[in-house]
Amino acid sequence: MSDNPQTTQVYRVYIKASPKAIWDAITKPEWTERYGYTGLVDFDLRPGGAYQVRPTETFKKESEARFGGELPEVIIDGEVVEADPPHKLVHTFRMLMDPGMAAEPYTRLTYEIRELDDKVCSLTLTHELEGAPQLASLVRGDQEEFGAGGGHAWVLSELKTLLETGTAFAE
Amino acid sequence: MNDDDPVFKALADPTRRFLLDLLFERDGRTLTELESELEMTRFGVMKHLRLLEEAGLVVTRRSGREKFHYLNPVPIQLIHDRWIGKFRERRVSALTELKAKLEES
């Protein structure tokens with residue numbers, strides 16, 4: 001895994017919320033189940049700590065009904081590289097829901113939260129995807145029409161809505 | 001000013017839309033690479049990129065001595081969710097209701 005600018009994806013969203021609220025929404029399962037793919041995150045927030053995502057019961061049922069087969073217990077895994085709450089989080093990421101993607105190398109996600117004036121923060125998400133073209137396509141939202149969700153742009157849009165209005169689209 | 005205003009303004013220019021198309025084809029390009037695709041001065045391209053960046057449609061990132069430009073689809077996603085998503089939901093719920101009515105009768 002190296003920093004190849006051409007396979008990296010960068011997303012930014014402005015959210016009217018505190019850095020702490022945004023940090024919690026990324027790192028706590030009671031928040032992550034309320035937007036985007038609704039996965040339950042489990043972070044051990046120190047360098048080398050484990051990162052795992054488990055499906056909710058609803059997600060598991062829907063996914064199995066739509067795509068067949070059984071979902072693994074852990075659908076995403078990785079390792080924490082850097083955790084500087086509530087400003088910076090770096091962790092590796094591998095998608096295990098699909099054998100093709102599970103065989104791709106670990107990718108790397110960096111979340112940066114910056115407080116701007118008037119209670120607005122920018123959240124920048126950088127995903128280094130060298131050697132993982134299938135995951136790159138998924139997180140870019142290219143497979144939305146096949147029921148794979150809209151990728152990072154969709155997730156961040158829902159995160160913004162949840163934090164600013166208190167409800168997500170799915171609720 | 002509404003959050004959407006700079007996005008619509010940035011999209012209202014063909015050169016800027018072309019720059020976004022270039023980044024959609026291949027992300028993470030330098031100013032020099034983008035400039036080579038346009039019949040325009042370096043200063044002109046920089047000005048357009050700055051407007052795209054102010055609207056949040058382009059995010060730049062430094063790596064070593066180079067500065068790379070990335071297409072950020074989030075502002076367009078937000079406009080989609082606000083202007084298109086709600087119409088689609090209404091249509092879906094109308095169809096769901098129709099189905100329920102038909103099945104009742």
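Modeller: Helices and strands here are DSSP runs, numbered from the N terminus, with at least four residues for a helix and at least two for a strand. The model is predicted.

Colleague: OK, in what order do the elements of chain B run from the N terminus on?

Modeller: The order is α-α-α-α-β-β-α. That gives chain B 5 helices and 2 strands.

Colleague: How do β1(B) and β2(B) pair, in the parallel or the antiparallel sense?

Modeller: The two strands, β1(B) and β2(B), pair in the antiparallel sense, over 6 bridges. In one of these strands, β2(B), B:Lys67 is the bridge partner of B:Arg62.

Colleague: And how many residues sit between β1(B) and β2(B)?

Modeller: There are 2 residues between them, and the strands form a hairpin. B:Gly64, in the turn, has a positive phi of about 65 degrees.

Colleague: Different topic. What percentage of the residues of chain B count as buried?

Modeller: Chain B has 105 residues, and 24% of them count as buried.

Colleague: Now the contact with chain A. How many residues does it take from each chain?

Modeller: The contact takes 17 residues from chain A and 15 residues from chain B.

Colleague: Which elements of chain B each supply at least two residues of that side?

Modeller: Those are β1 (58-63), β2 (66-71) and α5 (74-104) of chain B. The largest share of the side of chain B that touches chain A comes from α5(B), with 4 residues.

Colleague: What is that side like by class?

Modeller: The side of chain B that touches chain A has 6 nonpolar, 5 polar and 4 charged residues.

Conventions: Residues are numbered from 1 along each chain as its sequence is written. Chains are lettered from A and ligands numbered from 1 in the order in which they are written. This is a predicted model: local features need pLDDT of at least 70, side-chain atom pairs count only at pLDDT 80 or more; totals for chains, interfaces and linings use all residues. Two residues are in contact if their C-beta atoms, placed from the backbone, lie within 7 Å. Ala, Val, Leu, Ile, Met, Phe, Trp, Tyr, Cys and Pro count as nonpolar, Asp, Glu, Lys and Arg as charged, and the others, Gly among them, as polar. A residue is buried if 20 or more other C-beta atoms lie within 10 Å of its own, exposed if 12 or fewer, and partly exposed in between; C-beta atoms are placed from the backbone. Two strands pair if DSSP finds at least two bridges between them.
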